[in-house]
Amino acid sequence: MLHRRELLKRAGIGALAAGFPGLVFAKAETDARLVVFILRGAMDGMAMLAPYGDGNYAGLRGELALAAPGHEGGLLKADGLFGIHPALKHTHELYQKRQALFVHAVASPYRERSHFEGQDQLENGSTAGNFLRDGWLNRALEPLAGGQGNEKAIAISQNTPLVLRGSQPVTSWAPSRMPDANEDTLHRIESLYAHDEFFATRLAQAIHAREIAGGMSGVQQKRGKQAKQLKALMQASARFLSAENGPRIAVLESGGWDTHARQGAASGSLANKFAMLDQGIMALQQELGSVWAKTVVMVVTEFGRTVKVNGTRGTDHGTATAAMLVGGAVNGGRVVADWPGLAPSNLYQGRDLYPTTDIRSVFKGVLGQHLNLQESFLDKHVFPGGKPASMIENLIRV
Amino acid sequence: MLAPVPGEIMSIESVIAANRFGLGARPGELKRAEPDPKIYLLEQLQGPSSQPAYIRDLPRSDKILAEVLRIRKEQRALKKKAGGEPIPESMKMYGSTVRHFYVDQVGARFRNCVQTDYPFHERLVHFWSNHFAVSADKQPVSAVAGAFENEVIRPNLGGKFIDLLLAAEKHPAMILYLDNEKSVGPNSDFAKSGKRRRKKKRPADINENLAREILELHTLGVDGGYRQGDVTAFAKVLTGWSMGSDQGRQKAGTPGAFLFRENTHEPDSQVIMGERYGQHGVAQGEAVLHKLARHTSTARFVADKLVRHFVADDPSVAMVDRVAAVFLESGGDLPRVHEALVNSKESWQAPLSKYKTPEEFVISTFRAFDYVPGKTKTIIRALEQMGQSPFRPGSPAGWPDTADHWGGADALYKRIEWANSVARIAGTRVNPLELGEMVLGANFSDHTRTAISRAESVVQGTTLLLASPDFQRR
């Protein structure tokens, strides 16, 4: 286990650029690809990456505790303290290839337990309350030289999640099973919308996304299994990210992580969700081919769950959780955690994993090191307000 | 090229009454509203005196749940017999039973949306059903999400908020959706007795889900002044709020109906937001709900949601204050609160500021043609594609109510595809210019009119009408 690094002092290139205002907003040419995957409902980080080496773990987690590595249905070893959920097989292989990294005991600055506020704060990147109506990832797009018709980011869903909403143009795409309107009708609708910016912008984006998606007949949404759908969406994301002049950033979301009842341990409902996520990542990797080497996938959730099992063999809303980075560009094979421990006195409000890392420190690390955005820009524009979160170093392979 | 039709143009007030307050004009509706749009709305406040037969005759949720749970039990027994291997046929049987109930309820709802003469009341039903959302993506809630709307929301909009609140929190769909049936007081008889299976050493305990969502989403709102300790205490109060069953150790009460289970109820008094509740049994939870229903935070939270739904994504503070004041002084009298919306000047100000949700868009399309599709699955599929599967908001917060959520580029494209396929079905039976006059009245812009009149075909003209910004806003 590696301890959380010292924060990167706002020095060096950042300070230099700050002296030349023009440079702060210099276009950041990047070939890097970023996928942000939001798990809605508060994913149980203690199940994704279990601290089997913590003396209090097995007792507190009771029937939800996962066996230590090497036992039947046991965890997949990360290090002497942490093990990866057994359903995350492929992710564990990536971890062994140093292409997967976990951050544990991580949380946004939000300290209440509402999903909806928690998700808002995860996505708007604010320090307190919901005062930002746009998303941090949208604000980060400014230096990436995107524009109308050349959007740098895409939501793989019909609608745009908050993290991508804002003044920078973004697009969205989801598979269709309805017959296409013909060319001529579309042109006429375009001119019908010419006087109404709300409609005109969105139609232009949708048409552009469809041009890239053109060859994707194989991604028609199949009925049935969620896993199949996620796999198809991951493959579609990979196509977008591989397209020449296509978007460089994709956002996906998945619901159903609110495991209040019967969440299961090595098998069961949460294990099935992890397996689905694992297969989705594998599908993305396969479809990306050589682009995988330039890719970071960041898997995050709004907050964690109680350490103890509740009365219905599940867990209630908690505080700190785990986040995951996978991809060819990740400097992985390790867990970044300032582990607070699970002794009763170390728990947040006597019930939750204590947050020791700000999720924005992870966001900053990825935006700064992977997309080459300057720290001064990140602090001023992407995560404004309050004391800046420190940036976690060395998240990305050099 | 289509010839324009001269006709009397209906006022913007009628258009607002039919589109913002109603579910989109049916042919002839604007004319009906025209003499006095406000009266037209106020007369709908109490809703129809009886429900149409296709809603009345739907199976009730206790019957549905009893059946669904019986199938599930059989399924488990078969699985056990087969040495733990799931039996595909029995899983299929369960899935198709649940799906069948779900589809019937969705079908009845859409039929009613199109045919009702009380579209304002029906919109209120949708609003409150979304406020107390039980999402059909959880089993076995899928089978009763529509029944919840019919049994909890429809009969209770003519009375007080507290009655609606009590009905909602006691309905098995809510109890199952928010996991309360298995929340057990750690000091309850059940927890202490030998009734629990010995092999499970897990101590009996509460589940906070229902308590939290009542406070956060149904009454006070997230900034309404409660803390984690209040959630925990309230969860203890609510232990025992459960459902009857005819199976095994749970056997008690009427299967599939609300049942207070004394033996799982935490016996002590509890303090919530500074007030001690020492009542016994179900009365303790009822007392908390009564208190919450009168709270100023609840009045503000509800008023804010209503104004956002009816008037603007950024509600005017003055109007929210006014509606909240009516809520408080009338003791949460719902018709009076709803009336306050109609009587606010902000409601009647153009431009039409709300971007329709996919569901509103689809319903208003059907109403424009006065047409209910025979196959409910077509509607379900189309709404899935636009991002709003019926009764499946996916979370207890319900569907969002702002354009920044619904304004995805892809979702707009799906609406255009939908407009196009509906226009194809309608074919040459409609004249899109006449239809535009009839459903959009004074809101039918010259720009849209011109585009339609230049269309190469009737189908294309109808597509343009339905896809137009005039039609997609309310």
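# Exercises on a two-chain model

Chain A has 13 helices and 12 strands. Keep in mind as you work that this is a predicted model.

## Exercise 1: Getting to know chain A

Work out what share of chain A is buried, and how much of its contact network links residues far apart in sequence.

**Solution.**
- Step 1: start with burial. Of the 398 residues in chain A, 57% are buried.
- Step 2: take the contacts in chain A between residues at least 6 apart in sequence. Of these, 72% join residues at least 24 apart.

## Exercise 2: The domains of chain A

Find the domains of chain A, then describe where they touch.

**Solution.**
- Step 1: list the domains. Domain 1 of chain A covers 30–175 + 222–382, and domain 2 covers 176–215.
- Step 2: check the spacing. Taken over C-alpha atoms, the centres of domain 1 and domain 2 of chain A are 32 Å apart.
- Step 3: count the contact residues. Domain 1 of chain A puts in 13 residues and domain 2 of chain A puts in 7 residues.
- Step 4: see which elements of domain 1 take part. On the side that touches domain 2 of chain A, β7 (171–172) and α10 (226–242) of chain A each give two or more residues.
- Step 5: sort that side of domain 1 of chain A by class. You get 7 nonpolar, 5 polar and 1 charged.

## Exercise 3: One face of a helix

Which residues of α5 (residues 89–96) of chain A are buried, and where do they sit around the helix axis?

**Solution.**
- Step 1: pick out the buried ones. They are A:Thr91, A:His92, A:Leu94 and A:Tyr95.
- Step 2: recall some helix geometry. An α-helix has 3.6 residues a turn, so residues three or four places apart point the same way.
- Step 3: look down the axis of α5(A). The buried residues fall within an arc of 155°, so they line one face of the helix.
- Step 4: ask what that face meets. The buried residues of α5(A) pack against β3 (76–77), β4 (83–84), β5 (100–107), α11 and β10 (321–326) of chain A.
- Step 5: glance just past the helix. There, A:Arg98 has a positive phi of about 60°.

## Exercise 4: Checking a helix length

Compare the expected span of α11(A) with the distance between its end C-alpha atoms, then look at a residue inside this helix.

**Solution.**
- Step 1: get the expected value. At 1.5 Å a residue, the 20 residues of α11(A) should span 28 Å.
- Step 2: compare. The end C-alpha atoms of α11(A) are 29 Å apart, which agrees.
- Step 3: move on to A:Met276, found in α11 (residues 269–288) of chain A. A:Met276 has 20 other C-beta atoms within 10 Å, so it is buried.
- Step 4: look at what follows the helix. After α11(A) comes A:Gly289, with a positive phi near 55°.

## Exercise 5: A residue in a loop

Is A:Phe303 buried or exposed?

**Solution.**
- Step 1: locate it. A:Phe303 is in the loop between β9 (295–301) and β10 of chain A.
- Step 2: count neighbours. A:Phe303 has 30 C-beta neighbours inside 10 Å, so it counts as buried.
- Step 3: find contacts beyond four places in sequence. Among them are A:Ala42, A:Tyr110, A:His317 and A:Thr321.
- Step 4: compare sequence and space. A:Phe303 and A:Glu112 are 191 residues apart in sequence, yet 9.4 Å apart C-alpha to C-alpha.

## Exercise 6: Chain B and its partner

Decide how chain B compares with a globular protein of its length, and describe the side that touches chain A.

**Solution.**
- Step 1: note the make-up. Chain B has 25 helices and 4 strands.
- Step 2: use the globule rule. It gives 23 Å for 474 residues, and the radius of gyration of chain B is 24 Å, so chain B is as compact as a globular protein of that length.
- Step 3: add the burial. Of the 474 residues in chain B, 54% are buried.
- Step 4: turn to the partner. 48 residues of chain B are in contact with 47 residues of chain A.
- Step 5: find the main contributor. α21(B) supplies the largest share of the side of chain B that touches chain A, 11 residues.
- Step 6: sort by class. That side of chain B has 17 nonpolar, 18 polar and 13 charged residues.

Definitions and conventions:
Residues numbered from 1 in each chain as written. Chains lettered and ligands numbered in written order. Predicted model: local features only at pLDDT ≥ 70, side-chain atom pairs only at ≥ 80, totals over all residues. Rg over C-alpha atoms; globule rule 2.2 N^0.38 Å. Buried ≥ 20, exposed ≤ 12 C-beta atoms within 10 Å, placed from the backbone. Contact = placed C-beta atoms within 7 Å. Nonpolar A, V, L, I, M, F, W, Y, C, P; charged D, E, K, R; others polar. Arc of directions from axis to C-beta. Expected span 1.5 Å × (residues − 1). Domains from an automatic or database assignment.
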